[in-house]
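Reader: I would like a close look at a single part of this chain. Please take me through one domain, its contacts and its strands.

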Amino acid sequence: MGTEAEVSIHQSKYKVVAQAIETLIIEQKLQPGDKVHSIRKLSADYGVAKNTVIHALHLLESKSLIEARPKSGFVVKPSQVSTPPTVPIFDDIKPSKVAIPDLLQNVMLRGAAFDITPTAQTEPVHSLMSKLHRNINKNMRTQAAKKVMYYDEPQGNRLLREQLALHYRYLGVDAEANQMTVTGGCQHALFLALMATCNPGDNVIIESPGFYGVIQLLDQLGLHAIEVPSHSQAGLNVEVLQKTLTQFSVSACVVSPAYATPSGASMSDEDKELLVALANRYNFALIEDDIYGDLGFRQRPKPLKSFDSEDRVILCSSFSKSLSRDLRIGWVIGGQWQERINRLKLVSHLACNQSVQLALFQFMQEGDFKRYLRHIRSTLETQRNQLVHALHKYWEGKVKFAVPDGGLSMWVELPSSVDTLTLYNKALANNIVITPGVLFSVERDFSNFMRLSYCHPTTGQREQAIKKLRALIYS
Ligand SMILES: Cc1ncc(COP(=O)(O)O)c(C=O)c1O
């Protein structure tokens, strides 16, 4: 870690202003032809000097996003406007047995890396992350003598749980430290939640398209999937769910209400309320995957758990997307099933790493987690914009995609003649990794879709990969 370059949190003011205007353009709040506010107004709005605004406008001009027009000031340049992907309509919703073909296991493993060019250079390590790593190492050394022969408390480090409880309290989730369990990541949390609430052969509602890690769990636990369509912007279709619940009994529903993968969709608070009401009425567990919740660019969506009135929402999450996948620390707020989840944690994992948990407690307590979240949200927003630019620049309207305002992934629809599993193999031969649509459903046909991630910058080798992919599609 010591040899890696470090980046600090500081960002020039003009870049912050440029990014804010760029985001308005990418999210189509400023349309082609619209006038950008005057320098005086922008200077007042952002509380910066006029020169800073001028610098920002020139940056946007150099990116071909705006142009100067005589007497009008700056206007947004014409660009291709992104069209959201087709909304799935399923007319024969029913439970299906899950069996993932071996062929797809390998694709899932690669796709999990979220990197279109795994051979490309990685970004410098942020100074706060280096601090976290140093603290983990320090804890390993100082804890070694006294703790190495003991497992941690199975429920997880109390100090860390207290910090997590505080984090959620600000979001309207009323959970104490003893109402949660620390896990070996979010996948482990989802596993515990499904184990605690379902028996083999039970029906589980999942979103379609939805996270393939959940599909893998259903497969291994002998559970049946009922796929309910997920809209690329509004998420789980609660109306369709309501009809489905009149036909089949279900034990649980797994849902990702904030910046879901692959769609990037977020549910409205009204839909979350409706979903909780349905769970109460039809008596099933709601398993909330909140792993992307902290990655909203402008707001932190309220967790589904904050609407919970009968303690039937089980919130699962981890530090994997906000900090690092390598920490392998997640958590589950278990609601009515907390005791059972504690027991299952013990038998499936015994305990989590004490030094890592302690360092994470320190990171949260000292405010570093909040500071790092501010940094990562703004970085991801820039990277999201880069990916949108690259898709417009190289694919010239051939694809449909929605522009998420948080999370890590974008769901891209290609022309119906394209099979993204075939494309996956062609791309792999060119050291490019895409995540084909077929992974995100048990039964539905998303064969002309793929997930792309903005977890890394779309510059250099990665930008070239986007360009190359287009050539491979039409080769
Ligand atoms: C939606 C979602 N849930 C859970 C996970 C698993 O997370 P973890 O690495 O914390 O086990 C992932 C990982 O990609 C994910 O995208």
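Author: Here is a walk through domain 2 and its surroundings. This is a predicted model, in which local features need pLDDT of at least 70, side-chain atom pairs count only at pLDDT 80 or more, and totals for chains, interfaces and linings use all residues. Residues are numbered from 1 along each chain as its sequence is written.

Start with the layout. The domain assignment gives domain 1 (6–76), domain 2 (100–124 + 371–473) and domain 3 (149–369). Such bounds come from an automatic or database domain assignment. The C-alpha centres of domain 2 and domain 3 are 25 Å apart.

Now the contacts. 27 residues of domain 2 touch 30 residues of domain 3; contact here puts the C-beta atoms, placed from the backbone, within 7 Å. On the domain 2 side, helix 13 (368–395) and strand 15 (409–413) each supply at least two residues. Helices (H or I, at least four residues) and strands (E, at least two) are DSSP runs, numbered from the N terminus. Helix 13 gives the largest share of that side, seven residues. By type, the side holds 15 nonpolar, five polar and seven charged residues. Nonpolar covers Ala, Val, Leu, Ile, Met, Phe, Trp, Tyr, Cys and Pro; charged covers Asp, Glu, Lys and Arg; the others, Gly among them, are polar.

Strand 15 also belongs to a sheet. Four strands run in the order 14-15-17-16, open and antiparallel. Pairing requires at least two DSSP bridges between two strands. Strand 14 (400–401) and strand 16 (435–436) are the edges, each pairing on one side only. Strand 16 meets strand 17 (residues 449–453) through two antiparallel bridges. There, Thr435 faces Arg451 of strand 17.

Notes: Two residues are in contact if their C-beta atoms, placed from the backbone, lie within 7 Å.
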